[in-house]
Amino acid sequence: MPVVSDLRQYTYCPRIIYYQYCLPQIRPVTYKMAAGNAAQESEEQREQRRSLRVYGLQDGARYFNLEVESGRYDLRGRVDLAIKRADEAIPIEYKDSPGRAGQHVYLQLTAYGMLLEELWQVPARRGFIYFIPARRAREVALTAELRAQVGAALTGINTIISTEHMPAPPAQRGKCEICEFRRFCNDVV
């Protein structure tokens, strides 16, 4: 069963999905990955002491590292922070970046919203990306368009896994320069 973070990887480069599922023994861990995980753990400790004001909320129950799974979407994951209110579910994704988020982050956040809707049976109309270095949150509308993109990406991920066919490299070859899998892509210079 794919995990939500696969959406981020697939959007960056579909080959990462191929390597993770078809050749799992070669998964490298980079310094950037380890540093991001450490920053997130530290931020979670601070978050537990804060009010919900940074999200513009007065109330809500917080759930850290909430495991979510859906048979409907054939997807599972762990939400960095989920806020449950009487009338809505709100996913929050921590990012160790200065204030930019690519499309892959929006898809990841949307997928978490979809999973929370199924779990709690309340709508997830919005989510937040919390930028750790800036200590600020950006609200993101979880639109029908983003939900459709999540569905399309899941179809692509499942196709790669079931056919075990390596996709073409990304059109933006600049991504390859910083990719931890670059040394395995013999057709990328």
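I count two strands as paired if DSSP finds at least two bridges between them. The model I am working from is predicted.

**Entry 1: the sheet**

I looked up the strand order. An open sheet of five strands runs β1-β2-β3-β4-β5, and its pairing is mixed. The edge strands are β1 and β5 (136-141), each of which pairs on one side only. On average, neighbouring strands of this sheet are turned by 35° against each other, direction ignored. I keep in mind that strands of a sheet pair through backbone hydrogen bonds, in either the parallel or the antiparallel sense.

**Entry 2: β1 with β2**

I took the pair at the start of the sheet order. Strand β1 (residues 61-70) pairs with β2 in the antiparallel sense, and I note nine bridges. Which residue of β2 stands opposite Arg62? I find Ile83 there. The hairpin of β1 and β2 has four residues between the strands. In this hairpin I noted Asp74, whose phi is positive, near 55°.

**Entry 3: β2 with β3**

I then moved along to strand β3 (residues 89-95). β2 and β3 pair in the antiparallel sense over four bridges. For Ala82, I record Pro91 in β3 as the bridge partner. The connection from β2 to β3 is a hairpin through four residues.

I also checked burial for β2, which covers residues 75-84. The cut-off for buried is under 20% relative accessible area. Seven of the ten residues of β2 are buried, so I enter this strand as largely enclosed by the rest of the structure.

**Entry 4: β3 with β4**

How do β3 and β4 run, parallel or antiparallel? They run parallel, and four bridges join β3 to strand β4 (residues 126-131). I looked for the residue opposite Ile92 and found Phe128 in β4.

**Entry 5: helix α4**

I compared the length of helix α4 (residues 103-120) with expectation. At 1.5 Å a residue, its 18 residues should span 26 Å. The C-alpha atoms at its ends are 26 Å apart, which agrees. I then counted burial: 14 of the 18 residues of α4 are buried, so this helix is largely enclosed by the rest of the structure. Gln121 follows α4, and I read a positive phi near 60° for this residue.

**Entry 6: the cavity**

I searched for enclosed space. Rolling a probe the size of a water molecule over the atoms shows where empty space is left. With a limit of 30 Å³ or more, I count one cavity. The largest cavity holds about 80 Å³ of space. Its lining has 14 residues, and those nearest its centre are Cys13, Pro170, Cys176, Cys179 and Cys185. The elements that give two or more residues to this lining are α2 (14-22) and α6 (174-177). The largest share comes from α2, with three residues. By residue class I sorted the lining of the largest cavity into eleven nonpolar and three charged residues, with no polar ones.

**Entry 7: His165**

I looked up one loop residue. His165 sits in the loop between α5 (144-163) and α6. Is His165 buried or exposed? The relative accessible area of His165 is 54%, and the cut-off for exposed is over 50%, so I enter this residue as exposed. I also took a distance from His165 to Tyr18: the C-alpha atoms are 7.3 Å apart in space, while the two residues are 147 apart in sequence.

Conventions: Residues numbered from 1 in each chain as written. Predicted model: local features only at pLDDT ≥ 70, side-chain atom pairs only at ≥ 80, totals over all residues. Heavy atoms only, no water. Expected span 1.5 Å × (residues − 1). Buried < 20%, exposed > 50% of the residue type's maximum accessible area, 1.4 Å probe, protein only. Axes fitted to C-alpha atoms, helices over the stretch in contact; angles between N-to-C directions. 1 Å grid on protein atoms, 1.4 Å probe; cavity = no way out; pocket = protein on both sides within 12 Å on 5 of 7 lines; lining within 4 Å. Points joined across faces, edges and corners; volume = space filled by probe spheres on them. Nonpolar A, V, L, I, M, F, W, Y, C, P; charged D, E, K, R; others polar.
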